[in-house]
Amino acid sequence: MSAADTIRMANQIAQFFAPYPEEEAVDEVRNHLVKFWPVAMRSELVVLLEGPHVGDLHPLALQAAQRLMSLDP
């Protein structure tokens with residue numbers, strides 16, 4: 001999957017939860033990623049945190065991806 005696709009999908013999830021209080025929204029985005037994205041997709045998202053596309057992530061998606069780094073695959 002391309003970086004653009006991964007970012008687009010993560011941002012769509014973040015936009016859905018954006019009306020929630022920030023902490024709850026980040027938790028819900030992270031939970032959604034864990035529940036519905038396979039490990040390979042979550043890994044792709046985490047890799048994007050160190051690349052030039054990190055600025056394209058919605059702030060909630062960015063925080064959720066950072067929290068994914070603490071998960072064991």
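Is R8 buried, partly exposed or exposed? In this predicted model, local features require a pLDDT of at least 70 and side-chain atom pairs count only at pLDDT 80 or more, whereas totals for chains, interfaces and linings use all residues. Residues are numbered from 1 along each chain as its sequence is written, and side-chain values use heavy atoms, with hydrogens and water left out.

R8 is partly exposed, at a relative accessible area of 41%; here buried denotes under 20% relative accessible area, exposed over 50%, and partly exposed the range in between (1.4 Å probe, protein chains only). The side chain of R8 forms a salt bridge with that of D5 (3.7 Å, N to O), a salt bridge being a side-chain nitrogen of Lys or Arg within 4 Å of a carboxyl oxygen of Asp or Glu. Both residues belong to helix 1 and are 3 residues apart, about one turn of the helix; helices are DSSP runs (H or I, at least four residues), numbered from the N terminus. An α-helix has 3.6 residues a turn, so residues three or four places apart point the same way. D5 is likewise partly exposed, with 31% relative accessibility.

The whole structure contains 3 salt bridges. R67 pairs with E23 at 2.8 Å (N to O), a link between distant parts of the chain, with R67 in helix 4, E23 in helix 2 and their positions 44 residues apart. R67 also pairs with D27 at 2.5 Å (N to O); D27 lies in helix 2, 40 residues from R67. E23, D27 and R67 thus form a network of salt bridges. Relative accessibility is 25% for R67, 48% for E23 and 30% for D27.

Helix 3 (39-48) has buried residues M41, R42, L45 and L48. These residues cover an arc of only 115° around the axis, and therefore lie on the same side of helix 3; the arc is that of the directions from the helix axis to the C-beta atoms. A40 and V47 are exposed on the other side of helix 3. The cover over the buried residues of helix 3 includes helix 1, helix 2 (22-36) and helix 4.

Within helix 1 (residues 3-17), N11 is buried at 12% relative accessibility. Leaving aside residues up to four places away in sequence, N11 contacts D56, L57, H58 and A61, where contact means heavy atoms within 4.5 Å. A3, also in helix 1, is partly exposed at 25% and, with the same sequence exclusion, touches L48 and H53.

Note on methods:
Helix = DSSP H or I, 4+ residues; strand = E, 2+ residues; numbered from the N terminus.
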